[in-house]
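Colleague: Please take a close look at one part of this model, beginning with a single charged side chain and working outwards to the elements around it. A connected account would be most helpful.

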Amino acid sequence: APADFTGTDVYQSSFNPQEYLKEFYNLSDSNQPNTFLTHNLRSLHKMFSLDGLRGHTLIDIGCGPTIYQLLSACENFQEIFASDYTDQNRRELEKWLRKEPGAFDWSPVVQYVCELEGNREAWAEKEERVRKKVKQVLKCDVTKANPVALPPADCIVSTLCLEAACKDLATFRSAVKNIGALVKPGGHLVLLTVLQGTYYSFNNQVFSCLCLDENMVREALEAAGFDVRFHEKQPWPPGDPRADCEDVLSLVARKRAS
(Lines give C-alpha, C1' and ligand atoms only; values in the text may rest on other atoms or scores of the structure.)
Protein backbone atom coordinates (compact mmCIF):
# COMPACT_ATOMS: atom_id res chain seq x y z
CA ALA A 1 0.00 0.00 0.00
CA PRO A 2 1.22 3.52 -0.68
CA ALA A 3 2.66 5.31 2.34
CA ASP A 4 0.10 8.04 1.78
CA PHE A 5 -3.05 5.97 2.33
CA THR A 6 -5.47 8.42 3.96
CA GLY A 7 -5.03 8.01 7.72
CA THR A 8 -7.41 8.58 10.60
CA ASP A 9 -5.69 11.88 11.40
CA VAL A 10 -6.75 13.25 8.01
CA TYR A 11 -10.37 12.20 8.55
CA GLN A 12 -10.31 13.80 11.98
CA SER A 13 -8.76 17.07 10.77
CA SER A 14 -10.29 17.60 7.35
CA PHE A 15 -13.22 15.32 6.48
CA ASN A 16 -16.17 17.67 5.94
CA PRO A 17 -19.47 15.86 6.60
CA GLN A 18 -21.67 18.61 5.13
CA GLU A 19 -19.75 18.61 1.82
CA TYR A 20 -19.74 14.81 1.75
CA LEU A 21 -23.52 14.67 2.23
CA LYS A 22 -24.07 17.33 -0.40
CA GLU A 23 -21.90 15.45 -2.91
CA PHE A 24 -23.19 11.88 -2.50
CA TYR A 25 -26.59 11.94 -0.80
CA ASN A 26 -28.77 14.37 -2.70
CA LEU A 27 -31.31 12.19 -4.45
CA SER A 28 -31.09 14.18 -7.66
CA ASP A 29 -29.25 17.29 -8.63
CA SER A 30 -28.40 18.89 -11.96
CA ASN A 31 -31.10 16.68 -13.55
CA GLN A 32 -28.98 13.60 -13.00
CA PRO A 33 -30.46 10.76 -10.99
CA ASN A 34 -28.21 9.63 -8.14
CA THR A 35 -27.92 6.00 -9.25
CA PHE A 36 -25.15 5.34 -6.71
CA LEU A 37 -27.58 6.20 -3.91
CA THR A 38 -30.72 4.58 -5.36
CA HIS A 39 -28.85 1.31 -6.10
CA ASN A 40 -27.60 1.24 -2.52
CA LEU A 41 -31.06 1.95 -1.10
CA ARG A 42 -32.58 -0.82 -3.23
CA SER A 43 -29.87 -3.29 -2.18
CA LEU A 44 -30.33 -2.48 1.50
CA HIS A 45 -34.11 -2.88 1.11
CA LYS A 46 -33.54 -6.28 -0.50
CA MET A 47 -31.04 -7.43 2.12
CA PHE A 48 -33.16 -6.42 5.12
CA SER A 49 -36.11 -8.25 3.52
CA LEU A 50 -34.25 -11.58 3.70
CA ASP A 51 -35.52 -14.24 6.11
CA GLY A 52 -34.02 -14.01 9.55
CA LEU A 53 -32.63 -10.49 9.23
CA ARG A 54 -34.27 -9.24 12.37
CA GLY A 55 -33.66 -9.21 16.07
CA HIS A 56 -33.27 -6.92 19.03
CA THR A 57 -30.04 -5.03 18.42
CA LEU A 58 -28.32 -3.64 15.34
CA ILE A 59 -24.90 -1.97 15.34
CA ASP A 60 -23.89 0.33 12.49
CA ILE A 61 -20.10 0.33 12.08
CA GLY A 62 -18.66 3.38 10.33
CA CYS A 63 -21.96 5.20 9.96
CA GLY A 64 -20.32 8.44 8.82
CA PRO A 65 -22.79 11.34 8.92
CA THR A 66 -25.50 9.26 7.17
CA ILE A 67 -28.77 7.49 8.04
CA TYR A 68 -29.72 5.95 4.65
CA GLN A 69 -28.27 2.59 5.76
CA LEU A 70 -30.71 2.48 8.72
CA LEU A 71 -33.94 3.17 6.84
CA SER A 72 -34.80 -0.42 5.88
CA ALA A 73 -33.03 -1.85 8.93
CA CYS A 74 -35.01 0.14 11.47
CA GLU A 75 -38.17 -1.87 10.73
CA ASN A 76 -36.51 -5.10 11.91
CA PHE A 77 -34.64 -4.14 15.08
CA GLN A 78 -35.66 -2.57 18.39
CA GLU A 79 -32.40 -0.83 19.24
CA ILE A 80 -29.77 0.67 17.00
CA PHE A 81 -26.28 1.82 17.95
CA ALA A 82 -24.47 3.97 15.41
CA SER A 83 -20.69 4.32 15.50
CA ASP A 84 -17.98 6.18 13.62
CA TYR A 85 -14.34 7.09 14.09
CA THR A 86 -14.63 10.74 13.14
CA ASP A 87 -15.94 13.21 15.73
CA GLN A 88 -17.51 15.61 13.23
CA ASN A 89 -19.41 12.77 11.53
CA ARG A 90 -20.95 11.72 14.83
CA ARG A 91 -21.85 15.35 15.60
CA GLU A 92 -23.46 15.74 12.16
CA LEU A 93 -25.54 12.59 12.69
CA GLU A 94 -26.62 13.77 16.14
CA LYS A 95 -27.70 17.07 14.61
CA TRP A 96 -30.25 15.17 12.51
CA LEU A 97 -31.27 12.85 15.34
CA ARG A 98 -31.97 15.89 17.55
CA LYS A 99 -33.64 17.89 14.76
CA GLU A 100 -31.15 20.70 15.17
CA PRO A 101 -31.18 23.61 12.71
CA GLY A 102 -28.88 23.08 9.74
CA ALA A 103 -29.18 19.28 9.83
CA PHE A 104 -29.10 17.53 6.45
CA ASP A 105 -32.53 17.01 4.88
CA TRP A 106 -32.92 13.25 4.47
CA SER A 107 -36.64 13.39 3.66
CA PRO A 108 -36.32 12.72 -0.13
CA VAL A 109 -34.22 9.63 0.66
CA VAL A 110 -36.64 8.47 3.35
CA GLN A 111 -39.54 8.94 0.91
CA TYR A 112 -37.72 6.83 -1.68
CA VAL A 113 -37.26 3.96 0.80
CA CYS A 114 -40.89 4.20 1.95
CA GLU A 115 -41.89 3.92 -1.70
CA LEU A 116 -39.82 0.71 -1.99
CA GLU A 117 -41.72 -0.55 1.06
CA GLY A 118 -45.05 0.32 -0.55
CA ASN A 119 -46.07 3.52 1.23
CA ARG A 120 -44.32 6.77 0.33
CA GLU A 121 -46.59 8.68 2.73
CA ALA A 122 -45.13 6.93 5.79
CA TRP A 123 -41.84 8.84 5.58
CA ALA A 124 -42.37 11.12 8.61
CA GLU A 125 -43.17 8.13 10.84
CA LYS A 126 -40.07 6.35 9.56
CA GLU A 127 -37.90 9.33 10.43
CA GLU A 128 -39.33 9.29 13.95
CA ARG A 129 -38.75 5.53 14.19
CA VAL A 130 -35.07 5.96 13.31
CA ARG A 131 -34.72 8.80 15.81
CA LYS A 132 -36.35 6.75 18.55
CA LYS A 133 -34.44 3.54 17.90
CA VAL A 134 -30.92 5.00 17.64
CA LYS A 135 -29.93 4.78 21.31
CA GLN A 136 -26.37 6.10 21.06
CA VAL A 137 -23.79 7.40 18.61
CA LEU A 138 -20.43 6.02 19.69
CA LYS A 139 -16.79 6.18 18.67
CA CYS A 140 -15.48 3.12 16.85
CA ASP A 141 -12.20 1.97 15.35
CA VAL A 142 -12.37 -1.13 13.15
CA THR A 143 -8.62 -1.71 13.46
CA LYS A 144 -9.01 -2.40 17.21
CA ALA A 145 -9.87 -5.82 18.66
CA ASN A 146 -12.97 -4.31 20.28
CA PRO A 147 -14.04 -1.74 17.68
CA VAL A 148 -16.83 -0.26 19.81
CA ALA A 149 -17.73 -0.60 23.49
CA LEU A 150 -20.83 -2.77 23.02
CA PRO A 151 -21.81 -6.40 23.58
CA PRO A 152 -22.43 -8.60 20.50
CA ALA A 153 -25.58 -7.80 18.53
CA ASP A 154 -28.03 -9.68 16.31
CA CYS A 155 -26.85 -7.79 13.25
CA ILE A 156 -24.15 -5.42 12.09
CA VAL A 157 -24.41 -3.14 9.11
CA SER A 158 -21.31 -1.52 7.66
CA THR A 159 -21.53 0.59 4.52
CA LEU A 160 -18.59 2.07 2.63
CA CYS A 161 -16.38 1.97 5.70
CA LEU A 162 -13.85 -0.85 5.68
CA GLU A 163 -12.35 -0.11 2.28
CA ALA A 164 -11.65 3.46 3.40
CA ALA A 165 -10.38 2.47 6.86
CA CYS A 166 -8.02 -0.38 5.94
CA LYS A 167 -4.71 0.37 4.26
CA ASP A 168 -3.94 -3.19 3.12
CA LEU A 169 -5.50 -6.62 2.81
CA ALA A 170 -4.12 -7.86 6.15
CA THR A 171 -5.70 -4.89 7.94
CA PHE A 172 -8.97 -5.49 6.09
CA ARG A 173 -9.05 -9.16 7.04
CA SER A 174 -8.42 -8.39 10.70
CA ALA A 175 -11.02 -5.57 10.64
CA VAL A 176 -13.61 -8.07 9.32
CA LYS A 177 -12.69 -10.36 12.26
CA ASN A 178 -12.92 -7.43 14.68
CA ILE A 179 -16.40 -6.39 13.59
CA GLY A 180 -17.41 -10.04 13.13
CA ALA A 181 -16.77 -10.58 16.85
CA LEU A 182 -19.59 -8.09 17.49
CA VAL A 183 -22.13 -10.44 15.86
CA LYS A 184 -23.86 -13.14 17.91
CA PRO A 185 -23.62 -16.71 16.56
CA GLY A 186 -26.41 -17.11 14.01
CA GLY A 187 -26.54 -13.32 13.57
CA HIS A 188 -25.84 -11.35 10.40
CA LEU A 189 -23.36 -8.97 8.87
CA VAL A 190 -24.70 -6.66 6.16
CA LEU A 191 -21.97 -5.10 4.07
CA LEU A 192 -21.81 -2.54 1.32
CA THR A 193 -18.35 -2.03 -0.16
CA VAL A 194 -16.82 -0.68 -3.36
CA LEU A 195 -14.68 -2.97 -5.52
CA GLN A 196 -11.56 -2.19 -7.55
CA GLY A 197 -11.38 1.39 -6.30
CA THR A 198 -8.35 3.30 -5.08
CA TYR A 199 -9.95 6.63 -4.16
CA TYR A 200 -13.12 8.65 -3.72
CA SER A 201 -13.23 12.41 -3.78
CA PHE A 202 -15.39 15.43 -3.05
CA ASN A 203 -14.88 19.11 -2.36
CA ASN A 204 -11.40 19.01 -4.00
CA GLN A 205 -10.16 16.39 -1.57
CA VAL A 206 -9.14 12.82 -2.31
CA PHE A 207 -9.53 9.94 0.14
CA SER A 208 -7.93 6.52 -0.31
CA CYS A 209 -9.70 3.22 -0.86
CA LEU A 210 -8.30 -0.27 -0.53
CA CYS A 211 -8.57 -1.98 -3.91
CA LEU A 212 -10.69 -5.07 -3.19
CA ASP A 213 -12.25 -7.74 -5.35
CA GLU A 214 -15.26 -9.88 -4.44
CA ASN A 215 -13.14 -12.93 -3.59
CA MET A 216 -11.06 -10.98 -1.07
CA VAL A 217 -14.23 -9.86 0.68
CA ARG A 218 -15.79 -13.34 0.70
CA GLU A 219 -12.56 -14.97 1.94
CA ALA A 220 -12.24 -12.43 4.76
CA LEU A 221 -15.83 -13.15 5.85
CA GLU A 222 -15.34 -16.90 5.69
CA ALA A 223 -12.12 -16.64 7.71
CA ALA A 224 -14.03 -14.62 10.32
CA GLY A 225 -16.59 -17.41 10.74
CA PHE A 226 -19.34 -16.28 8.32
CA ASP A 227 -21.23 -17.92 5.45
CA VAL A 228 -22.30 -15.64 2.61
CA ARG A 229 -26.09 -15.78 2.10
CA PHE A 230 -26.68 -13.06 -0.47
CA HIS A 231 -24.55 -10.94 -2.77
CA GLU A 232 -25.06 -8.66 -5.71
CA LYS A 233 -22.94 -6.19 -7.64
CA GLN A 234 -24.04 -2.88 -9.09
CA PRO A 235 -21.76 -1.07 -11.53
CA TRP A 236 -20.39 2.29 -10.42
CA PRO A 237 -21.79 4.89 -12.85
CA PRO A 238 -19.27 4.94 -15.74
CA GLY A 239 -17.43 8.20 -16.21
CA ASP A 240 -18.28 9.41 -12.69
CA PRO A 241 -15.08 11.22 -11.67
CA ARG A 242 -15.78 11.12 -7.93
CA ALA A 243 -14.30 7.63 -7.58
CA ASP A 244 -12.44 5.08 -9.69
CA CYS A 245 -14.18 1.93 -8.43
CA GLU A 246 -15.90 -0.54 -10.76
CA ASP A 247 -18.73 -1.94 -8.67
CA VAL A 248 -20.55 -1.66 -5.38
CA LEU A 249 -20.87 -5.05 -3.68
CA SER A 250 -23.84 -5.74 -1.38
CA LEU A 251 -23.48 -8.77 0.78
CA VAL A 252 -25.19 -10.56 3.67
CA ALA A 253 -23.32 -13.16 5.70
CA ARG A 254 -24.51 -15.27 8.64
CA LYS A 255 -22.19 -16.09 11.52
CA ARG A 256 -21.66 -19.79 12.01
CA ALA A 257 -23.09 -21.16 15.24
CA SER A 258 -19.97 -22.99 16.39
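Modeller: With a relative accessibility of 37%, Glu 128 counts as partly exposed, because this value falls between the limits of 20% for buried and 50% for exposed. The model is a predicted one, and the values that follow are computed from it. The side chain of Glu 128 forms a salt bridge with that of Arg 131, at 3.2 Å from N to O. Both residues belong to helix H6, and because they are three residues apart, about one helical turn separates them. Arg 131 counts as buried, since its relative accessibility is 15%, whereas its partner Glu 128 is partly exposed.

A further charged residue of helix H6, Lys 126, reaches outside the helix. Its side chain meets that of Glu 75 in a salt bridge of 2.7 Å, N to O. This pair links distant parts of the chain: Lys 126 is in helix H6, while Glu 75 sits in the loop between strand S3 (55–61) and strand S4, and 51 residues separate the two. Lys 126 has a relative accessibility of 0% and therefore counts as buried; Glu 75, at 31%, is partly exposed. The two residues also take part in a network of salt bridges that includes Glu 117 and Arg 129. The structure as a whole holds 21 salt bridges.

The setting of helix H6 is a sheet. Seven strands make up this open sheet, in the order S5-S4-S3-S6-S7-S11-S10, with mixed pairing. At its edges are strand S5 (134–139) and strand S10 (226–235), each of which pairs on one side only. On average, neighbouring strands are turned by 15° against each other when direction is ignored. Helix H6 (residues 123–133) packs on this sheet and touches strand S4 (77–84) and strand S5, its direction making about 60° with that of S5. Helix H9 (residues 214–223) also packs on the sheet, with contacts to S7, S10 and S11; its direction makes about 160° with that of S10.

Strand S6 (residues 153–159) lies between S3 and S7 in the strand order. Seven of its seven residues are buried. Strands S3 and S6 run parallel and are joined by three bridges, with Ile 156 in S6 as the bridge partner of Ile 59. On the other side, S6 pairs with S7 in the parallel sense over six bridges, and there Ser 158 stands opposite Leu 191 of S7. The sense changes at the next pair, where strand S7 (residues 183–195) and strand S11 (residues 247–255) are antiparallel over eight bridges. In that pairing, Leu 192 faces Ser 250 of S11.

Leu 192 also appears among the contacts of Glu 163, which include Phe 5, Thr 193, Val 194 and Ser 208 as well. Glu 163 lies in helix H7, and its relative accessibility of 2% is why it counts as buried. Although Glu 163 and Thr 193 are 30 residues apart in sequence, their C-alpha atoms are 6.8 Å apart in space.

Helix H7 leads to the largest pocket, to whose lining it contributes three residues, the largest share. The space in this pocket amounts to about 710 Å³. Its lining comprises 41 residues, with Tyr 11, Leu 160, Cys 161, Ala 164 and Ala 165 lying nearest the centre. Two or more lining residues come from each of helix H1 (8–14), helix H2 (17–24), helix H7 (162–165) and strand S8 (199–202).

A last salt bridge returns to the edge of the sheet. The side chains of Glu 232 and Lys 46 meet at 2.9 Å, N to O. Glu 232 is in strand S10 and Lys 46 in helix H3 (residues 35–47), so this contact ties together parts that are 186 residues apart in sequence. Glu 232 counts as buried, because its relative accessibility is 15%, while Lys 46, at 40%, counts as partly exposed. At the other edge strand, S5, the neighbouring element described above is helix H6, in which Glu 128 and Arg 131 are paired.

Key:
Residues are numbered from 1 along each chain as its sequence is written. This is a predicted model: local features need pLDDT of at least 70, side-chain atom pairs count only at pLDDT 80 or more; totals for chains, interfaces and linings use all residues. Side-chain values use heavy atoms; hydrogens and water are left out. Two strands pair if DSSP finds at least two bridges between them. Helices (H or I, at least four residues) and strands (E, at least two) are DSSP runs, numbered from the N terminus. Axes are lines fitted to C-alpha atoms, for helices over the stretch in contact, and angles run from 0 to 180 degrees between N-to-C directions. Contact means heavy atoms within 4.5 Å. A salt bridge is a side-chain nitrogen of Lys or Arg within 4 Å of a carboxyl oxygen of Asp or Glu. Buried means under 20% relative accessible area, exposed over 50%, partly exposed in between (1.4 Å probe, protein chains only). On a 1 Å grid over the protein atoms alone, a cavity is a set of points where a 1.4 Å probe fits but cannot get out, and a pocket is an open set with protein on both sides within 12 Å along at least five of seven lines; lining residues have an atom within 4 Å of a point. Grid points are joined across faces, edges and corners, and a volume is the space filled by probe spheres set on the points. Lists of a residue's contacts leave out its neighbours within four places in sequence.
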